[in-house]
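Could you walk me through how to read cores, strands and pockets in a model? I would like the general idea, then the case at hand.

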Amino acid sequence: MSFTGVPSKSRWRDLEAPGQDELEQLAREAFAALPDTFRALCAGLVIKVEDFPTDEVLDELGAETPFDLLGLFHGIGRAQGGAVAQTGQMPNMVFLYRRPILDYWAENEETLGDVVTHVLVHEIGHHFGLSDDDMEAIEDRAN
């Protein structure tokens, strides 16, 4: 690499890592791009971005580090919906963990939008019993 002459300014020079609000916006856009039939499974879904999972979540899932978990679905899946009383039920939520997502993004050759879409689809899809092939097809249709 040669540093002769005046280099042009990199487009990355002034960029900062997206904060929680920016990642939430990216997640809303990713969700909106998903097929209507998939989004219909998720009526009322709340998408929440936090920097890291809580210690309780990490312990419950047996994660070794806070960077092991990119996202988590919390709620009642379609299969369990009729078996649980509806009174006082909290909405289904997907938690996206900003710092682990950014760490994963930095280590892989994927766009941040693709990573967020992948995590979102997989958190929802696994909870609703979709196969990996089904989720891959959903991601392909969203991109």
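The dialogue below takes the features of this predicted model one by one.

Q: Which residues have the most contacts inside the largest nonpolar core?

A: In soluble globular proteins, nonpolar side chains tend to be buried together. Here the largest nonpolar core has 26 residues, and Phe-31, Leu-45, Leu-96, Val-116 and Ile-124 have the most contacts inside it. At least two core residues come from each of helix H1 (20-32), strand E1 (46-50), E3, helix H4 (98-107), H5 and helix H6 (132-142). H5 gives the most, with 7 residues.

Q: With what is Phe-31 in contact, leaving aside its neighbours within four places in sequence?

A: Phe-31 is in contact with Arg-39, Cys-42, Leu-45, Ile-47, Leu-120 and Ile-124. Apart from the largest core lies another, of 6 residues, including Val-57, Leu-69, Leu-72 and Tyr-97.

Q: Which side chains of E1 point to one face, and which to the other?

A: In a regular strand the side chains alternate between the two faces of the sheet. Along E1, Ile-47 and Val-49 share a face and are buried. Val-46, Lys-48 and Glu-50 point to the other face and are not buried. E1 runs parallel to E3, and 5 bridges join the two. Val-49, for its part, has Leu-96 of E3 as its bridge partner.

Q: Which residues of H4 are buried, and against what do they pack?

A: The buried residues of H4 are Arg-98, Pro-100, Ile-101 and Leu-102. They pack against H1, E1, E3 and H5.

Q: Why does Thr-117 count as buried?

A: Thr-117 counts as buried because its relative accessibility is 6%, and the cut-off for buried is under 20%. Thr-117 sits in helix H5 (residues 112-127). Leaving aside neighbours within four places in sequence, Thr-117 is in contact with Ala-30, Leu-34, Glu-139 and Ala-142.

Q: What is the volume of the largest pocket, and which residues line it?

A: Rolling a probe the size of a water molecule over the atoms shows where empty space is left. The largest pocket has a volume of about 190 Å³. Its lining is made by Glu-50, Pro-53, Thr-54, Val-57, Glu-60, Leu-61, Leu-72, Phe-73, His-74, Phe-95 and Tyr-97. Helix H3 (55-61), strand E2 (71-74) and strand E3 (93-97) are the elements that give two or more residues to this lining.

Q: How many residues of each class are in that lining?

A: There are 7 nonpolar, 2 polar and 2 charged residues in the lining of the largest pocket.

Conventions. Residues are numbered from 1 along each chain as its sequence is written. This is a predicted model: local features need pLDDT of at least 70, side-chain atom pairs count only at pLDDT 80 or more; totals for chains, interfaces and linings use all residues. Side-chain values use heavy atoms; hydrogens and water are left out. On a 1 Å grid over the protein atoms alone, a cavity is a set of points where a 1.4 Å probe fits but cannot get out, and a pocket is an open set with protein on both sides within 12 Å along at least five of seven lines; lining residues have an atom within 4 Å of a point. Grid points are joined across faces, edges and corners, and a volume is the space filled by probe spheres set on the points. Helices (H or I, at least four residues) and strands (E, at least two) are DSSP runs, numbered from the N terminus. Ala, Val, Leu, Ile, Met, Phe, Trp, Tyr, Cys and Pro count as nonpolar, Asp, Glu, Lys and Arg as charged, and the others, Gly among them, as polar. Buried means under 20% relative accessible area, exposed over 50%, partly exposed in between (1.4 Å probe, protein chains only). Contact means heavy atoms within 4.5 Å. A nonpolar core is a set of buried Ala, Val, Leu, Ile, Met, Phe, Trp, Tyr and Cys residues joined through side-chain atoms within 4.5 Å. Two strands pair if DSSP finds at least two bridges between them.
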